[in-house]
Amino acid sequence: MLIIPMTQLSSNPTHVWHGGCSCGVYNVGLFSYSITFVEEAKKSFRVAVCFTWKKKMASKQEVVEKGNNKIKEPLLVQEKQGESQIQSNNGGLKMVLLSTFVAVCGSFEFGSCVGFSAPAQYGIMDELGLSYSQNVMFDGELCRLQYSVFGSILSIGAMIGAISSGWIADNIGRKGAMRIASIICIAGWMTVYLAFGSVSLDSGRFLLGYGIGVLSYVVPVFIAEITPKNQRGTLATANQLFIVTGLFVAFVVGASVTWRTLALTRILPCMVLLVGLLFIPESPRWLARAGYEREFKAELQKLRGVEADISEEEAEIQEYIVTHKLLPKVGIMDLLDRQNICPIIVGVGLMVFQQFGGCNGIVFYANQIFESAGVPPNLGSILYSSLQVIITLLGASLIDRLGRRPLLMVSACGLLLGCLLTGTFSKAVHIGFYSVGLGPIPWVIMSEIFPLHVKAIGGSVVTLANWFGAWAVSYTFNFLMNWSSHGTFFGYAFVCAAAVVFIIMEVPETKGRTLEEIQASMNG
């Protein structure tokens, strides 16, 4: 860190103030340097300087002589502006795709855990009835209450996982967090598989919840941090695509095997994730923030290709890291500060509307809903989960072309329509419109809007809000449907209408922008 007298600065940039900090960029000779002023007592300033070599962009020319004519042809010199212009060779693209695939095995596990309760419901209720017969006469209402606890305790574990997810991911890395979550999920599935009563079942389900609570935060964050901005939306949507694929596979397998066997097969995605983590790079942004300079450059080069020029992206990330290292550590109350409250409102708001639109209630109790409608439960669950996969694929192909906001608007309006319709068709409309926007996009935006120094605690709060909503909906859905199915979905319709207003008023468009650009605009 250098101390530079204010009189020696050669130019006066426009400063951007965040609390007590001001940032500027100066150009002198062969150097370009960014300066961060941190205001201290008595109007003195501490100045941090980050130097980078200026790239000479002077055009080279080659002279081509043909006979007596001389033709001057300028060589192609490509100006780069940040991440969007970085050229990845095939090796770099393959590594990004491989890293994304490994990470979304955690998303597949997420879907497997959520989808387990529907096909396993009647098998588990039968066994609960037998085990409770020693103390209490078998009662269908008692079993439904116990199963509501079993279904919703996943979300309770996930809330605790969400609270700790940011701290874990910041302290041991994105890969380390995924590794720990996978091990916990394996322990959870083994506990469920070996369960002999409601206590062991609920314990296993709680462990699974904790594991996917961590995964639900770290997977989208990891994907957002390793991908170029022009591919970020599509690849980040793979998170939701593999969630619904895990859901679909759980329904298909659960239709033909016992619930214990289904639990055992759900260990496979965790094993694939654990092995795959050995072959992919860590998030370069996390490495830079943690001070692993050499590893940061090496991993970024792997992700962009051996022959790719990463100097522009490297300088942008380094400058961003230097600036944010000077900012104070953020506590829970600091999220209410003016510069942090906007991303919190957007992130939490989207998660609230995602959950209280009622989709998770349909997912948790799909078999029961289809049976009451006269549709074979297994067939109905498989059909609607396959619809989710197809519509999520469609959304993934559109998100980087149309943008986040238009898809969110279409999704919220479609959910409103689905809540107002009646019959089995209305559930298909509900699931379809959920999958194209409000299902995947809140996770994408959550991974984009928080600066690195706020991301751990801010992302944890947003993920906690999501899982609290999932718990509330999954626990109350059965009781609300018994009270009034029409009243329940009219309530969800009101939430969807409010979501339309919220998206118009508060949600920014993040398509085609680097993470640093998005976060600067949110703080501005």
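A cavity here is a set of points on a 1 Å grid over the protein atoms alone where a 1.4 Å probe fits but cannot get out, and its volume is the space filled by probe spheres set on the points, which are joined across faces, edges and corners. The model is predicted, so to speak a computed picture: local features need pLDDT of at least 70, side-chain atom pairs count only at pLDDT 80 or more, and totals for chains, interfaces and linings use all residues. Residues are numbered from 1 along each chain as its sequence is written, and side-chain values use heavy atoms, with hydrogens and water left out.

**View A. The largest cavity holds about 200 Å³ of space.** Its lining (residues with an atom within 4 Å of a point) has 17 residues, with Phe 110, Gln 240, Ile 243, Asn 360 and Tyr 434 nearest the centre. Helix H4 (a DSSP run of H or I, at least four residues, numbered from the N terminus) gives the most, 4 residues.

**View B. Phe 110 and Trp 467 form a tilted aromatic pair.** Ring centres (six-membered ring for Trp) must lie within 6.5 Å, and tilted covers planes that are neither under 30 degrees apart (stacked) nor over 60 (edge-to-face). Here the values are 5.2 Å and 35°. The pair links helix H1 with helix H17, 357 residues apart, and both Phe 110 and Trp 467 are buried (under 20% relative accessible area, 1.4 Å probe, protein chains only).

**View C. Ser 460 sits in helix H17.** With 6% relative accessibility, Ser 460 counts as buried. Beyond neighbours within four places in sequence, its contacts (heavy atoms within 4.5 Å) include Ala 162, Tyr 217 and Lys 455.

Technical notes. 1 Å grid on protein atoms, 1.4 Å probe; cavity = no way out; pocket = protein on both sides within 12 Å on 5 of 7 lines; lining within 4 Å. Helix = DSSP H or I, 4+ residues; strand = E, 2+ residues; numbered from the N terminus. Buried < 20%, exposed > 50% of the residue type's maximum accessible area, 1.4 Å probe, protein only.
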